[in-house]
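Trainee: I have a multi-chain model open and would like to learn how to read its contacts, cores and interfaces. Could you walk me through it?

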Amino acid sequence: MSAPVLNAQQTPAAAVEGFSRSETVTLAWPMIMLSVFFVIPFGTMLAVSFFERVPGGFFEPGFTLDSYARFIDPFFFKSLGMTMMIAGSASLLCLILAVPFTWTLTRMRHHHRVLWLVALLSILSLSEVIIGFSWSLLLSRSTGIGNILVWLGIENRAPKLSPGLGAVLTGLCYLGFPYAVLVLFPQLSRLDPTLHEAARMLGASPRRAFMNVVLPNIAKALVAAFIMVFVFTLGAYLIPQLLGKPQQWTLPVLIADQALFQSNLPFAAAMSIFLLGVSLSLVVCVGWLGRSSQARIEDQSTTQSTTQSAAS
Amino acid sequence: MSLQIAGVGKDFGKQTALSDVTLDIAGGELICLLGPSGCGKTTLLRIIAGLESASRGSITLDGDDLMQQAAHQRNFGMVFQSLALFPHLSVEDNITYGLRLRKMPAAARRQRAAELLDMVRLPGVAKRAVSMLSGGQRQRVAIARALAIEPRIFLLDEPLSALDAGLREAMQIELRELQQRLGITTIVVTHDQREAMTVADRIAVMNGGTIHQMGSPIDVYRRPADKFVASFIGQTNLIPATWQDDRLIVRGSLFDPGQAARDNQHTSPDSHETWLSIRPEELIVLDNNAASPPGATILEATVRFIRDVGASIEAHLELPANDNQPAQSLVALVSRDKVQHLHSGDTTRIQLTADCTVVLET
Amino acid sequence: MTHTILKNRRRFLAQSAALVGAASLGSGIGRAQAAETLTVATYGGYFEDSFKNIIYPAFTEETGIEIVSVPEPTSDAWLIQLETAARANSAPADVSMIAQNAMLKGQSTELWAPLDLEKLPNHTSLTPDFIHTYSDGRVDGIGAVAWYLTLVSNTDVYPEAPTSWAELWNPDNEDSLGLMALSSNSFLLEITNATFFKDPELLQSEAGIEKVLAKLAELKPNVALWYRDEGQFQQALQSGEIPMGQYYHDVAGLAAADGHPVRSTFPIEGGVRDSGCWAISRASSKQEAAHTFINYMCRPDIQATLARKVGTSPTVKRELLDLSDEEFASVSSADTPITPVYSMHNERADWLNQVWTEMVTS
């Protein structure tokens, strides 16, 4: 019985010592960086979103909700819906490709794995412009991969695959793929490989074993990877405009138009804040869903074990 | 179900992990694959399970070619070293996973899970999460899960290595009882020779990708085929000796190893070095006063150290160096009443007899 | 290579420009150190480099006035900087090259110093519509350079050159046009009006604009790409992927000269002529030198040099230029151009953007 009491006495003391002078100094630097690179720009954006737009000119400091009032418009919500749909589908597609790929990667020999990871990391160094432009060439009729079908005699004329929804999703998937792999890789390589083998010994085909045993055990990484790719593709504005038809121009494309071409910074800022809010709440929702389902499993087992120990 | 393994080998790149293993396992038999780590025993088990492909050779089960079947088609039960219990499923769902794949109705599955848990003496934990179980309990769940599918062959890869010593011995006995009750053909991989001696009908002692000796536990212990087996199974004293045609010379003395050993030598009569293996409990230490039996081979030794290990006394002896050979340490287990006269530093005598000495073939 | 550099000069609204500009706000660049210096701002990149290397040295040699060249990011961002600085009675540049929309915005705060035509004798060489005025008739800008937006086509796909903007509506051209994505840089409303309605008053009212927009919407099935990136369209045009569209006359000419199957046609309705003005900040203390500079830039021989070396369309009358017909045709046309309705883009910016985007994306 004395152990918990001892613990309780130790904890506050440890907490006080926890913030030594040197640690405060160490913490200060990230805090400064955070405020310089995040809080200040974000604050500026928030302030500008309430400024008054001077039609045909600039904007003036003030407080007005005019820019936000422009959201009350079916067109805006259609764009928002399209944006979410595109980012959601791209992330889902990305995961569907990245999960089996990463699984295979963790089972490769060391030096093959390193080669693949280096190749993936080099994709990260490509800018969105280069990715968008390359895919628009690859999916075009004259220079694109469709010509392989002609060469194989499957089609008479190479299909034009860009611009269109498929092209946008392809581009966004390509953009998000390395991130998805990098998030999934540690979790999948830590997963006990004998789990999959055990399921196979019990009669599950490799595919079935993967779905039944591997996927449920990397659920957290799946959620993390989804959120990562979703947020990332949500912010993309060059790929939708390079590879998409106007119907696929996402909110970020419209924000860029407002900021760069219409010089309507208050409206652009308001849309950015709104998009940020929507994506943040989505992230929180998904995270909360993930946690609560996890908690449900643990809850269940706790209650049961309590009942059992009470019974025995 | 009898299993025939013929000429099975496995190469990883240029390295040979397993070279041409041949092994027949009778129905209902429990075989231990015993050897140090890296000896190929786990590779062999995984090939039998279908988790690894063989580079050559064949495996048949009652004449049924297993090489044509994937792991999930073989209907073999396997217990992994890590146990590999599914963390996201309850105990019951773990046990009935294989039954669900076989489309057994839910009620029947629950019934079966309860029976299996009773069988492994773990009633009432069906709904628990596996993370709530102790090591021994997980062990039992893993065994129940593997047996739930009524496997044709039961495979265990170092199943008890995660348990502490006391629990491990109890589980060994339980496992053996269970196996005999079910009469299921079983293969256990282990590096623990005591475990192998406890559970196995026959032991295959493996090293360097080959089977060195295959035999009953007592056979392997009493009649080790070679130096590796003799030293890996239990404790032994290895004394170098020399065949000169059909005469065996041990540290300058002539020694008659018995008819069987001489017959063996007659098949290839030449002169070569060999080893004598004498188990500590079979090493005969003569009384100081006793006269040497006539014609017996007697070696002089110095007592270095005496240790009381409870049931008997362990004496550490040393054969002194001579012109040809360096000094050699020996260990003898002697009964308490015979040992009053032994003191550190004394000189004493040991007697070699054909009964208690094994001449190793290599 | 030339095209990519060339096209950058028109990327007035370069993406990072606004930020770059804001950072250097009011830094007092170019406040005169000596009496005989003048600070001139032109679009950064190819444009500024060309002026610095080709035009300014000759000017300094002739007048003794040293030019301090500063790059301006975009007209809109530069306007903000000029205005903010002018309120503090300073001028980051005495003379700036300013796009038409920005000229109008600057008028609202009287940012531009009125120009004295007496001190600009060369202004008579200019085509009259290149003299920019306040609504009360005061002159605030003098045409510096101009460029044309024309109908371009791939010569492999269209052996016959199209003759009219009406080709954009031709159902035969389904899914084969590349048009600019924004109303304020494509000037498609002006093109539609000039092609089908020919009513100069039509774009002065919302009802009229909606009428033109409805006509414009009819060509949407023909549009394969609404582009913001000029390089993307140029590549597709050259390869024949998107064989027709609107593009810059001079850049298309350079692509053709490089051997690409591309041609630029002035349609019978005229090409769209856009231009930039020289304007003086009201806070500049170098009014005399600034007038000298602007007057110099209006000289036909300087305009001819710009047409030959920088690829811009001259703002002076054709007959005063010593350009060969071929040289002239590579940058301009003697026919009456379509003139953008800048007031519409300026005064109805938000409304127009909304209806335009809805039209394009629906």
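**Reading contacts, cores and interfaces**

Mentor: Let us begin with one residue: setting aside neighbours within four places in sequence, C:Leu321 is in contact with C:Pro300, C:Gln303, C:Ala304, C:Pro314, C:Val316 and C:Phe328. Contact here means heavy atoms within 4.5 Å. Before we go on, note that this is a predicted model, where local features need pLDDT of at least 70, side-chain atom pairs count only at pLDDT 80 or more, and totals for chains, interfaces and linings use all residues. Residues are numbered from 1 along each chain as its sequence is written, chains are lettered from A and ligands numbered from 1 in the order in which they are written, and side-chain values use heavy atoms, with hydrogens and water left out.

Trainee: Where does C:Leu321 lie in chain C?

Mentor: Helices (H or I, at least four residues) and strands (E, at least two) are DSSP runs, numbered from the N terminus. C:Leu321 sits in the loop between helix 12 (300–309) and helix 13 (325–329) of chain C. Its C-alpha is 5.6 Å from that of C:Pro300, although the two are 21 residues apart in sequence.

Trainee: Is C:Leu321 buried or exposed?

Mentor: Buried means under 20% relative accessible area, exposed over 50%, and partly exposed in between, with a 1.4 Å probe and protein chains only. C:Leu321 counts as buried because its relative accessibility is 8%.

Trainee: How should I read a nonpolar core, and which residues have the most contacts inside the largest one?

Mentor: A nonpolar core is a set of buried Ala, Val, Leu, Ile, Met, Phe, Trp, Tyr and Cys residues joined through side-chain atoms within 4.5 Å. The largest one here has 97 residues, and those with the most contacts inside it are C:Phe51, C:Leu168, C:Leu189, C:Trp226, C:Trp278, C:Phe293 and C:Ile294. Strand 5 (residues 139–154) of chain C gives the largest share of this core, nine residues. At least three residues of the core come from each of domain 1 (36–146 + 274–331) and domain 2 (163–272 + 338–361) of chain C. For a close-up, take C:Leu189: beyond four places in sequence, its partners include C:Leu203, C:Ile209, C:Met344 and C:Trp356. A second, separate core has 68 residues, among them A:Leu120, A:Ala225, B:Leu23 and B:Leu45.

Trainee: How far apart are the C-alpha centres of the two domains of chain C, and how do I read their interface?

Mentor: Domain bounds come from an automatic or database domain assignment. The C-alpha centres of domain 1 and domain 2 of chain C lie 28 Å apart. Ten residues of domain 1 are in contact with eight of domain 2. Buried area is the accessible area (1.4 Å probe) that two parts lose on being put together, summed over both. For these domains it is about 760 Å², with carbon and sulfur atoms giving 49%. On the domain 1 side, C:Asn101, C:Leu104 and C:Asp274 lose the most area to domain 2, together 54% of what that side buries.

Trainee: How many salt bridges and polar contacts join these domains?

Mentor: A salt bridge is a side-chain nitrogen of Lys or Arg within 4 Å of a carboxyl oxygen of Asp or Glu; the count between these domains is zero. A polar contact is a pair of N or O atoms within 3.5 Å; within protein, one must be able to donate a hydrogen and the other to accept it, and residues adjacent in sequence count only if both atoms are side-chain atoms. The rule finds two residue pairs in polar contact across this domain interface, both residues being at pLDDT 80 or more. Helix 5 (100–107) of chain C gives the largest share of the domain 1 side, four residues.

Trainee: How many residues meet where chain A touches chain C?

Mentor: There, 32 residues of chain A are in contact with 31 of chain C. The two chains bury about 3200 Å² between them, 52% of it on carbon and sulfur atoms. C:Arg228 and A:Asp257 join their side chains in a salt bridge (2.8 Å, N to O). Helix 13 (251–261) of chain A gives the most to the chain A side, with six residues.

Trainee: What area is buried between chain A and chain B?

Mentor: About 2300 Å², of which carbon and sulfur atoms give 62%. B:Arg46 forms a salt bridge with A:Glu197, with the closest N and O atoms 2.7 Å apart.
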